[in-house]
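Me: I would like to go through the labels attached to this model one by one, asking in each case what stands behind the word.

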Amino acid sequence: MAKRPYIVGNWKMHGTRAMLAEARAIDRASERLIKVEVAVAPPFTLIHATRKEANLIGIGAQDCHNLEGGAHTGDISAVMLKDAGAGFTILGHSERRANHGEKDADVRAKGEAALAAGMNIIVCVGETEQQRDAGKATSVVTKMLKGSLPQCDDPAERITIAYEPVWAIGTGRTPTIEDIGDMHKAIRESLVAIYGEDAAPDMRILYGGSVKRENAAELLAAEEVGGALVGGASLSAESFLGIIIAAAETEEA
Ligand code: PEP
């Protein structure tokens with residue numbers, strides 16, 4: 001079953017309550033852009049308020065702990081995030097892997113916790129520039145998928161993959177359309193191996209890394225790309241909506 005393109009904004013460590021105006025504007029505009037599924041992942045502190053302000057778009061978190069609760073100062077569990085209004089969480093973002101030493105097994109454990117709490121997950125994978133230059137991009141991403149993805153009875157509805165080459169995040173650089181298509185096809189093959197031929201074809205694979213209004217149409221048209229995970233360009237309603245409109249137009253073309 002073909003799904004609507006999924007455009008997700010990752011606000012990272014940006015935003016105070018002043019950002020709620022952006023969420024409101026994105027939510028309001030989404031009413032007209034029904035061909036696209038839209039979501040934002042604000043910092044933890046804004047999840048509840050954003051959920052209250054925005055009725056139409058999805059609201060998610062950017063990480064969660066793998067346990068439900070306990071003596072883990074500064075951490076937050078999937079159960080708490082769900083209670084605050086998050087319907088999904090991003091997991092295994094390269095900034096978490098680099099800054100917090102998260103390994104594939106950690107990402108998988110967090111994924112299990114989020115699914116058990118009733119949240120959907122977006123699992124990020126991607127190679128470094130060095131790995132790509134060494135011709136290892138596909139093998140690295142395949143290994144990350146194998147290690148990071150949790151078991152799930154309904155992966156097509158609950159699990160999204162985001163392919164984010166580390167060297168493309170926040171740099172203004174993007175892979176070629178052919179390289180994105182090739183990687184997305186390889187990811188699809190891995191999903192078939194992990195989840196089977198019934199579920200894998202319906203799972204969404206997003207591209208992330210320097211997506212902006214100007215390149216969105218081209219990137220979204222690449223083979224097997226089911227949407228985008230957007231960092232910097234999701235921080236203002238104006239630039240994020242440019243990407244959402246490009247996604248809607250791709251659907252119409
Ligand atoms: C990201 O961090 O998920 C991301 C894709 O960032 P940017 O769009 O800024 O490259």
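Me: What share of the 253 residues in the protein is made up of buried residues, and what makes a residue buried?

Reply: This is a predicted model, in which local features need pLDDT of at least 70 and side-chain atom pairs count only at pLDDT 80 or more, while totals for chains, interfaces and linings use all residues. Residues are numbered from 1 along each chain as its sequence is written, and side-chain values use heavy atoms, with hydrogens and water left out. Buried means under 20% relative accessible area, exposed over 50%, and partly exposed in between (1.4 Å probe, protein chains only); buried residues make up 52% of the 253 residues.

Me: Why is the protein called as compact as a globular protein of its length?

Reply: Its secondary structure comes to 11 helices and 8 strands, where helices (H or I, at least four residues) and strands (E, at least two) are DSSP runs numbered from the N terminus. The radius of gyration, taken over C-alpha atoms, is to be set against the globule rule, 2.2 Å times the number of residues to the power 0.38. The value is 17 Å and the rule gives 18 Å for 253 residues, which is close, and therefore the protein is as compact as a globular protein of that length. Along the principal axes, the C-alpha atoms fill a box of roughly 45 × 45 × 35 Å.

Me: What makes a set of residues a nonpolar core, and which members of the largest one touch the most other members?

Reply: A nonpolar core is a set of buried Ala, Val, Leu, Ile, Met, Phe, Trp, Tyr and Cys residues joined through side-chain atoms within 4.5 Å. The largest has 70 residues, and those touching the most other members are Ile 7, Ile 26, Ile 159, Ile 161, Ile 187, Leu 191 and Ile 244. Helix α11 (residues 237-252) supplies the largest share of this core, 8 residues. Apart from this core lies another, of 11 residues, including Ala 39, Ala 41, Cys 124 and Leu 206.

Me: How do you know that Ile 47 is buried, and which residues is it in contact with beyond four places in sequence?

Reply: Ile 47, placed in helix α2 (residues 44-53), has a relative accessible area of 0%, and therefore counts as buried. With contact meaning heavy atoms within 4.5 Å, and neighbours within four places in sequence left aside, Ile 47 is in contact with Pro 42, Ile 59, Gly 60, Ala 61, Leu 81, Ala 84, Gly 85 and Ala 86.

Me: Why is Glu 224 called partly exposed, and is Ser 210 buried or exposed?

Reply: Glu 224, in the loop between α10 and β8 (227-230), has 30% relative accessibility, a value in the range between the two cut-offs, so Glu 224 counts as partly exposed. Ser 210, in the loop between β7 (205-208) and α10 (213-220), has 16% relative accessibility and therefore counts as buried. Neither residue is a glycine, yet phi is positive in Ser 210, at about 60 degrees, and in Glu 224, at about 70 degrees.

Me: What makes Gly 209 a buried residue, and which residues does it touch?

Reply: Gly 209, found in the loop between β7 and α10, has a relative accessible area of 5%, so Gly 209 is buried. Not counting residues up to four places away in sequence, Gly 209 touches Glu 164, Ala 168, Ile 169, Arg 173, Thr 174 and Leu 229.
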